[in-house]
Amino acid sequence: MTVHLRKLTYGLAVAMAAAFLVPVPSADAAPSQRPTVVSRVSATNGWQDTRFKVEEGDTYTVSSLSGNWTVDYRNFPRVGASGYAPSVDSQIYQGCKLDNHIPYGTLYAREGTDDSTAVPVAQGEILHASQAGSVYLRINDDDRCMADNAGSIRVKLFRGVPATALTDPFHHDSGEGQAPYHVVQGYHNNEGRCVIGRGPDHCANQLFAVDLEPAEGAAVSANIYSPAPGTVRWQDEETGCLFMDLADGMNLTVCHMSSFNVARGASVQRDELLGVRRTPWVHLSIDDRRAGRPYRPVPLTVTASGWDHTLDGASLTLGHEDGTGGVETVQWGGHSYRVRYGEWDGLEFTPE
């Protein structure tokens, strides 16, 4: 049934092509040299100019923020920028793809008007411009087959590499993937007190640290898994800390290990075994060491125009002052919590 519906729309789409090929403009009306642009990409249009300008050799990132779309609203659900799963994609008429090897619904990017530069892009895809021009985006579906499309994707384009979204370091004993955990401590202190006790430098760069602990009763292994891809730069057996350079130039600190499974200089992938924990909890923090000491602490945060360093997609930064001394509002999982000195006690995370 699906094959016939898509074929029937073919003639209609050809006849109406001109109406569907008008690019959707971004919020910027003129070509932009800004480092960041947010643009909405429609499933019912072909190549759409984001007004994000690149020069040959530039490194830039395309990141899907929100939204969903479909190439057949009558028969198939909406999906994100990564497109349909193979099991679903195989059920859709295959004669309308830009690339037969890439699922329908995948977000595509190209530089300028040269189709030879077109590549599929996923969340946080890092690209190197092969030529100068605006970056264009579209759905993986041919122009002539868009009459049964619906939806749109909101996309962020920015120069350089993306900030790193962290995942938690715990796994089920059964090997079922991530295990539920809660935050037992946050070091952020909005009155400037340093309570960590390792000296001013350590205190400063650990300002936004969190300690995570598996949820009570969860069957969790003692292993610690990497919350992000990076390169191991240092290990400290006394504290059980491991320091990693992330792709965006920041340093990730993971602490409380009794032994290490990776060597200094090793490149590790997200979810790779780092070592074995010696305490019930694991310490995570990010800081910027590129300018030397004192290291600048980096908060786990989500910005209004896109995503930044996060923990499981949630913001752990200071919310807004509510007028009560020593108390701040923290956003977690779409809810507001009033907590003292950033100690996010009891905030729960359970993987889907």
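**View 1. The open sheet of four strands in this predicted model.** In this predicted model, an open sheet is built from 4 strands in the order β1-β8-β3-β6, and the pairing is antiparallel. The edges of the sheet are formed by β1 and by β6 (125–128), each of which pairs on one side only. Averaged over the sheet, and with direction ignored, neighbouring strands are turned by 25° against each other. Strands of a sheet pair through backbone hydrogen bonds, and the pairing may be either parallel or antiparallel. Between β1 and β8 the antiparallel pairing extends over 7 bridges, and Thr-36 has Phe-158 in β8 as its bridge partner.

**View 2. The largest nonpolar core and a second, separate one.** The largest nonpolar core contains 29 residues, and those with the most contacts inside it are Tyr-60, Val-62, Trp-69, Leu-107, Val-135, Leu-137 and Val-155. At least two residues of this core come from each of the strands β1 (36–42), β2 (48–54), β3 (59–70), β4, β7 (133–139) and β8 (150–159). A second core, separate from this one, has 25 residues, including Ile-224, Leu-246, Val-268 and Val-298.

**View 3. The surroundings of Thr-117, in the loop between β4 and β5.** Thr-117 lies in the loop that runs between β4 (107–111) and β5 (119–121). Is this loop residue buried or exposed? Thr-117 has a relative accessible area of 10%, and because buried means under 20%, the residue counts as buried. The side chain of Thr-117 reaches the backbone oxygen of Asp-114 at a distance of 2.8 Å. When neighbours within four places in sequence are left aside, Thr-117 is in contact with Ala-109, Arg-110, Glu-111, Ser-130 and Gln-131.

**View 4. The salt bridge between Asp-245 and Arg-233.** A search of the whole structure finds 7 salt bridges, and one of them joins Asp-245 to Arg-233, with the closest N and O atoms 2.6 Å apart. This pair links distant parts of the chain, since Asp-245 belongs to strand β14 (residues 241–245) and Arg-233 to strand β13 (residues 230–236), 12 residues apart. Asp-245 is partly exposed at a relative accessible area of 30%, and Arg-233 is also partly exposed, at 46%.

**View 5. The salt bridges of Asp-287 and Arg-144.** Asp-287 forms a salt bridge with Arg-289, in which the closest N and O atoms are 2.6 Å apart. Asp-287 counts as buried, with a relative accessibility of 0%, whereas Arg-289 counts as partly exposed at 27%. Arg-144 forms a salt bridge with Asp-142, the closest N and O atoms being separated by 3.0 Å, and Arg-144 is partly exposed, with a relative accessible area of 26%.

Methods. Residues numbered from 1 in each chain as written. Predicted model: local features only at pLDDT ≥ 70, side-chain atom pairs only at ≥ 80, totals over all residues. Heavy atoms only, no water. Buried < 20%, exposed > 50% of the residue type's maximum accessible area, 1.4 Å probe, protein only. Polar contact = N/O pair within 3.5 Å; in protein donor to acceptor, adjacent residues only side chain to side chain. Contact = heavy atoms within 4.5 Å. Core = buried A, V, L, I, M, F, W, Y, C linked by side-chain atoms within 4.5 Å. Pairing = 2+ DSSP bridges. Axes fitted to C-alpha atoms, helices over the stretch in contact; angles between N-to-C directions. Salt bridge = Lys/Arg side-chain N within 4 Å of Asp/Glu carboxyl O.
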